[in-house]
Amino acid sequence: MHQRTPALAPALIALVAATVLTPSGAPAAHAATSRPAQPYDLDGDGYREVVIGVPNGTVAGQQGAGYLAVVPGSAAGVEPAGRWTVSQNSSGVPGAAEPYDGFGTQHTSADLNRDGYADLVIGTPGEDGPYEGGGRITIVWGAATGTGGATDLPGDLAYGGVGGRGVAVADVDGDGALDVVAANDGEEVDSLALARGPFAPGRTPAPLTRLTDTGIMHFSSVVGLAVGDFDGDGRADVAAPWLGLEGDGTALLRGTPTGLTRAAGWHRESGGHAAAAGDFDGDGYADLALGGAVSVGPDDPDWEPQYPIATGVGGTVRVLYGGPRGLAGDRPPVDLSQETPGVPGSGAAESERDDAFGQALSAADADADGYADLAVGAPGEAIGATPAVGSLTLLYGTPSGLGAARSRGWNQGTPGVPGSNEAEDGFGARVVLRDVNGDGAAELHAAAPGEDTGDGRVWSLTAVSGEGPVTGVGYSAASLQLPLPRTDLGFGRGLG
């Protein structure tokens, strides 16, 4: 067991679930700016927050109702003592906490109405509507005090589990307004849906509309969602890897003036378990990283991939580069694993089959050089004889793309990382690169849902882009004084 971080001051112990902000944890009010806020800068103070979805958390006695825990950023980094929560019992949020709604299962952020405060887009896949368990997506509006009112997105709930597999925000039609993309649970096949912006408080939003031609096969589950302008046409595209009984693949939908359209003839022989988009080579085109990458192709026993992905190496990250002809249209993919020279843990003795290298990915600029970098989680990584301890790797972008040069790696036994290596912690099961202290370089935030026998914990690591030791802060549901019960939450599984 790890020693828990010190408890908050007594004034923070009482959590008032019926309000958006806990009185003692409310951030100070800040004036809005004329420029859109960066994602997750909910209070518009110039510092971005870390948000953890706790979908199986209890709210006002309702087990599994779910909530979001918000840890504010500042010039000094994350400030766990200032945390606040958002749930369906929060003031201004439609609906009410009910058992097993799963509020906060998936979430993302953007300044949808460009008022200087970032907003939260939240999936609640267990919410009942016209269809039992149909799900709901809710926009919680940012405000000077952290969060304000909220708006639900209407839609045909018959396909079920709205937002349960992912939510993303991007301008897919090029009209200047941000749109919402949802990956949804289904009974026999997961689906994608789109709600086109603009969105604003008091404005009736466009309904979520199911996309009927995505290339996702029957009996399949979406496992990732990434958005970026892969072909440079000024409209965001969507990539969604999926796993199925009849095969795996990656759905690619191109942004068009009328919404999202399946990319003709696309399969590019690459599937995976996670996805992240970023411009790793700085050429102005978004690139796609697939973690846990696998070769996929037509149902033909004689088919062989042009660029086969190695197996038995503990996980591979495949990078598909964008360009005028879209993903993988102008250059071959690049594969990186712990067998790649220069990647921490490289060598057959360190790269075991069950490492799950690439199960979690996040792209952002960690060293402020103008190139997106990639954080890679390997929650199954064994350290010595201790299984499933987990590890993190940071790969850097360069003018030639993502590479192993200067890459760094960490686990809970690394100096500066709080805690120690224990079996089944799953450190790195979720990773997020985000600048929370406003210095222009993203810090590394990671979760170990298995920490403390399943209670879970999140870390925020700074100084990840240099050669010296990192400094880290760890926090859990207990140290944040979140609602009881706090055991077996898998805290951090909803890190975003």
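Which strand is serine 362 found in? I looked it up: serine 362 sits in strand β23, residues 360-364. I note at the start that this is a predicted model.

**Entry: serine 362**

I checked whether serine 362 is buried or exposed. Its relative accessibility is 11%. Buried means under 20%, so serine 362 counts as buried.

Next I listed what serine 362 touches, leaving aside neighbours within four places in sequence. I found Ala276, Asp373, Leu374, Ala375, Val431, Val432 and Leu433. I then looked at one of these partners, leucine 433. The side chain of serine 362 reaches the backbone nitrogen of leucine 433 at 2.9 Å.

**Entry: the whole chain**

I stepped back to the protein chain. How many helices and strands does the protein chain have? I counted 1 helix and 31 strands.

The protein chain has 496 residues, and 57% of them are buried. I also looked at contacts with a separation of 6 or more. Of these, 56% join residues 24 or more positions apart. The chain exposes about 18300 Å². Carbon and sulfur atoms supply 52% of that area.

**Entry: nonpolar cores**

In soluble globular proteins, nonpolar side chains tend to be buried together. I went looking for such groups here.

The largest nonpolar core has 21 residues. Which residues have the most contacts inside it? They are Val50, Ile52, Tyr475 and Phe491. Strands β1 (50-54) and β2 (67-71) each supply at least two residues of this core.

I followed valine 50 further. Not counting residues up to four places away in sequence, valine 50 touches Ala69, Val70, Val71 and Val78. It also touches Arg434, Val436, His445, Tyr475, Leu495 and Gly496.

A second, separate core has 20 residues. I noted Leu433, Leu444, Ala446 and Leu461 among them. Leu433 is familiar to me: serine 362 is in contact with it.

**Entry: aspartate 435**

Where is aspartate 435 found? I placed it in the loop between β27 (430-434) and β28 (443-448). Aspartate 435 is buried, because its relative accessible area is 13% and the cut-off is under 20%.

I looked up two polar contacts of its side chain. The side chain of aspartate 435 reaches the backbone nitrogen of asparagine 437 at 3.3 Å. It reaches the backbone nitrogen of glycine 440 at 2.8 Å.

Beyond four places in sequence, aspartate 435 touches Arg48, Gly440, Ala441, Ala442 and Glu443. I also compared aspartate 435 with aspartate 365, 70 residues apart along the chain. Their C-alpha atoms are separated by 8.7 Å.

**Entry: aspartate 173**

I found aspartate 173 in the loop between β8 (166-170) and β9 (179-184). Is aspartate 173 buried or exposed? At 6% relative accessibility, aspartate 173 counts as buried.

I listed its contacts, not counting residues up to four places away in sequence. Aspartate 173 touches Asp179, Arg196, Arg235, Thr256, Pro257 and Gly259.

**Entry: second largest pocket**

I ended with the second largest pocket. Its volume is about 390 Å³. I found 19 residues lining it. Which of them lie nearest its centre? They are Met217, Trp242, Asp248, Gly249 and Gly297.

I then asked which strand gives the largest share of the lining. Strand β15, residues 249-256, supplies 4 residues.

Conventions: Residues numbered from 1 in each chain as written. Predicted model: local features only at pLDDT ≥ 70, side-chain atom pairs only at ≥ 80, totals over all residues. Heavy atoms only, no water. Buried < 20%, exposed > 50% of the residue type's maximum accessible area, 1.4 Å probe, protein only. Contact = heavy atoms within 4.5 Å. Areas by Shrake-Rupley, 256 points an atom, 1.4 Å probe, with all protein chains shown as cover. Core = buried A, V, L, I, M, F, W, Y, C linked by side-chain atoms within 4.5 Å. Polar contact = N/O pair within 3.5 Å; in protein donor to acceptor, adjacent residues only side chain to side chain. 1 Å grid on protein atoms, 1.4 Å probe; cavity = no way out; pocket = protein on both sides within 12 Å on 5 of 7 lines; lining within 4 Å. Points joined across faces, edges and corners; volume = space filled by probe spheres on them.
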